[in-house]
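Student: I would like a close look at a single part of this model. Please take me through it step by step.

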Amino acid sequence: MPWWRADLAQRPQKVLTADELARTVAHWRAAGEKVTLTNGCFDLLHVGHVRYLRAAKELGGKLVVAVNSDSSARGLKGPGRPRVPDHERAELLAALADVDAVTIFDAPDVRGIIRLIRPDVHAKGTDYTSESVPERDLVIACGGRVAIVGDPKDHSTTELLRKDECES
């Protein structure tokens, strides 16, 4: 159980429930802000993640990061993953200056969050093309656009773990 679940007042300020995120985004929009959404597992934070998030932030406006829950990440990455619990991954991401809000979602994709906040931009990493982003059609239907950001996919948690297993 996350240390902050027992006392929500102690939860990291940028880690929001879906309802809190919806209210926060509405407030940002009322103030004229644009919203960029990105998502992923972010298991074992590495330099590729930092570069990806920085590039997403450079698209402008507020950056929302949707983090796969433990069960969602396990469904995508397989048994033994994630190595870091969802609440800790969210807390790490919330500590980054480029990130304005973090939410945890329990689904195989981020469509529910897209419907909830209707981002101006949905940023994905360079392992995608703008045509291959699974949620592309929904983003466009909600009035947004897809952007591919970050450096080449030379860093990944899967590769870090594979290298570690080979060296053990």
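**A close look around helix 2**

Student: Which aromatic pair does a search of the whole structure find, and what surrounds it?

Tutor: Keep in mind that this is a predicted model. The search of the whole structure turns up 1 aromatic pair. Its partners are F42 and Y52. Their ring centres are 6.3 Å apart. The ring planes meet at 20°, and planes under 30 degrees apart count as stacked, so this pair is stacked. F42 sits in the loop between strand 1 (35-40) and helix 2, while Y52 belongs to helix 2. The pair therefore ties together parts that are 10 residues apart in sequence.

Now take burial. The cut-off for buried is under 20% relative accessible area. F42 has 5% relative accessibility, so F42 is buried. Y52 has 11%, so Y52 is buried too. Helix 2 spans residues 47-57, and its buried residues are G48, H49, Y52, L53, A55 and A56. Seen down the helix axis, they fall within an arc of 160°, so they line one face of helix 2. An α-helix has 3.6 residues a turn, so residues three or four places apart point the same way.

Next, turn to N68. N68 is in strand 2 (residues 62-68). Its relative accessible area is 2%, so N68 is buried. The N68 side chain makes a polar contact with the side chain of S72, at 2.8 Å. A polar atom of the N68 side chain also lies 3.4 Å from the backbone nitrogen of C41. Beyond its neighbours within four places in sequence, N68 is in contact with residues including G40, C41, D86, R89 and F105.

Key. Residues are numbered from 1 along each chain as its sequence is written. This is a predicted model: local features need pLDDT of at least 70, side-chain atom pairs count only at pLDDT 80 or more; totals for chains, interfaces and linings use all residues. Side-chain values use heavy atoms; hydrogens and water are left out. Helices (H or I, at least four residues) and strands (E, at least two) are DSSP runs, numbered from the N terminus. Buried means under 20% relative accessible area, exposed over 50%, partly exposed in between (1.4 Å probe, protein chains only). A polar contact is a pair of N or O atoms within 3.5 Å; within protein, one must be able to donate a hydrogen and the other to accept it, and residues adjacent in sequence count only if both atoms are side-chain atoms. Contact means heavy atoms within 4.5 Å. The arc is that of the directions from the helix axis to the C-beta atoms. Rings of Phe, Tyr and Trp (its six-membered ring) pair if their centres lie within 6.5 Å; planes under 30 degrees apart count as stacked, over 60 as edge-to-face and the rest as tilted.
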